[in-house]
Amino acid sequence: MSVLDLVVRRTTGLADGIRELALTAADGRPLPPHPAGSHLVLECGPARNAYSLTNDGTAPGEYTIAVLRRGGGSAYLHGLAPGDRVTASRPRSAFAPVRTARKHLLIAGGIGVTPMVAHVRDARRRRRDVELIYVHRPHAGAFAAELADTLGPRLHRVTGRAEFLGVLAGALTGQPLGTHLYVCGPGGLTDRVLGDAAGAGWVPQRLHLERFVPAALDPGARFVARLARSGRDVVVPPGTSLLDALERAGVAVPNLCRQGICGECLTPVLAGTPLHRDEYLDERERAAGTAVMCCVSRSETDTLELDL
Ligand code: FES
């Protein structure tokens, strides 16, 4: 069974834009077991996407994944209903808990929490020491209730860059010898965590990274960012993000994930219509059009005037 023929059993909304799918074998047979932290590659219409399994993998009767809607293959999966069929690879493991670890320090950004859910469930079953730092949008943390229930004070939920960096700095020091660190999330966040860990003396053998591959965004059209405070115009060509264009023009904008998730690069809009492509703003904020996440979003109008 190198390719799995699966059927959707349940779909459940977990948080804004995040839907959980429970999948079983179409022929009713048991599914291949897998270590915690494994992922499936699913056929999503014309696309193939990888999703972390959130179940802990021991004799699974079903697989569960959580899908953040970001267009393309994820939109296809959000459109599936119970009874629909989907084809997937067998589970692949590149992010399993190290069994000899004395403690597991987990760090998740946004939907990067999904393999950590499997790690936490596995650690609970095996009575392993585990701690999780979970950075997410305000009021939008998928699995937050379960994680809080399981981890209690071992869960640190943070929603801002300064708070995150403070919690991270504390967590990187004073861990028991033999602790392993696992990180999954947007590239900006994982780079920061691994860099800070190395700076704090963590050896590479105790650092584990699950790469978070963002959905490819189309290059978009050229527009002009008008900077109200300085009166400057910055041209944003196709294929260049507004954030990159601003930085190249010498305009610093706070940022962390650079993938539209963390909210750090929120920039007030004074005129023009943003083309929102982020996961941070809610529907009401998008409709208001008074802010843009400049790492991924663009402009529907030829000019977007920013409070910069
Ligand atoms: S840097 Fe995180 S949303 Fe833009």
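Select Ala162, Ala169 and Gly170: these residues of helix H4 are exposed, meaning that 12 or fewer other C-beta atoms lie within 10 Å of their own, with C-beta atoms placed from the backbone. Helices (H or I, at least four residues) and strands (E, at least two) are DSSP runs numbered from the N terminus. The model is predicted: local features need pLDDT of at least 70, side-chain atom pairs count only at pLDDT 80 or more, and totals for chains, interfaces and linings use all residues. Residues are numbered from 1 along each chain as its sequence is written.

Now select the whole of H4, residues 161-172. Its twelve residues should span 16 Å at 1.5 Å a residue (1.5 Å times one less than the number of residues), and the end C-alpha atoms are 16 Å apart, which agrees. On the other side from the exposed residues, colour Phe164, Leu168, Ala171 and Leu172, the buried residues of H4 (buried: 20 or more other C-beta atoms within 10 Å; partly exposed lies in between). Seen down the axis of H4, the buried residues fall within an arc of 90°, so they line one face of the helix; the arc is that of the directions from the helix axis to the C-beta atoms.

Next, show what this face packs against: strands S7 (103-109), S8 (130-135) and S9 (155-158), and helix H5. Contact here means C-beta atoms, placed from the backbone, within 7 Å. Just after H4, stop at glycine 174, which takes a positive phi of about 80°.

Go to tyrosine 134 in strand S8. Tyrosine 134 is buried, with 28 other C-beta atoms within 10 Å. Leaving out residues up to four places away in sequence, tyrosine 134 touches Ala108, Val113, Gly141, Leu147, Leu155, His156 and Arg157. Draw a distance from its C-alpha atom to that of aspartate 196, 62 residues along the chain: the separation is 17 Å.

Then select strands S10 (residues 179-185) and S11, which run parallel and are joined by five bridges (strands pair if DSSP finds at least two bridges between them). Leucine 181 stands opposite leucine 207 in S11. From S10 the chain crosses through helix H5 (residues 187-199) to S11, in a right-handed β-α-β crossover; with the strands pointing away from the viewer, the path from the first strand over the helix to the second runs clockwise.

Finally, show side chains on S11 (residues 207-211). His208 and Glu210 point to one face and are buried, while Leu207, Leu209 and Arg211 point to the other and are not.

Methods:
Two residues are in contact if their C-beta atoms, placed from the backbone, lie within 7 Å.
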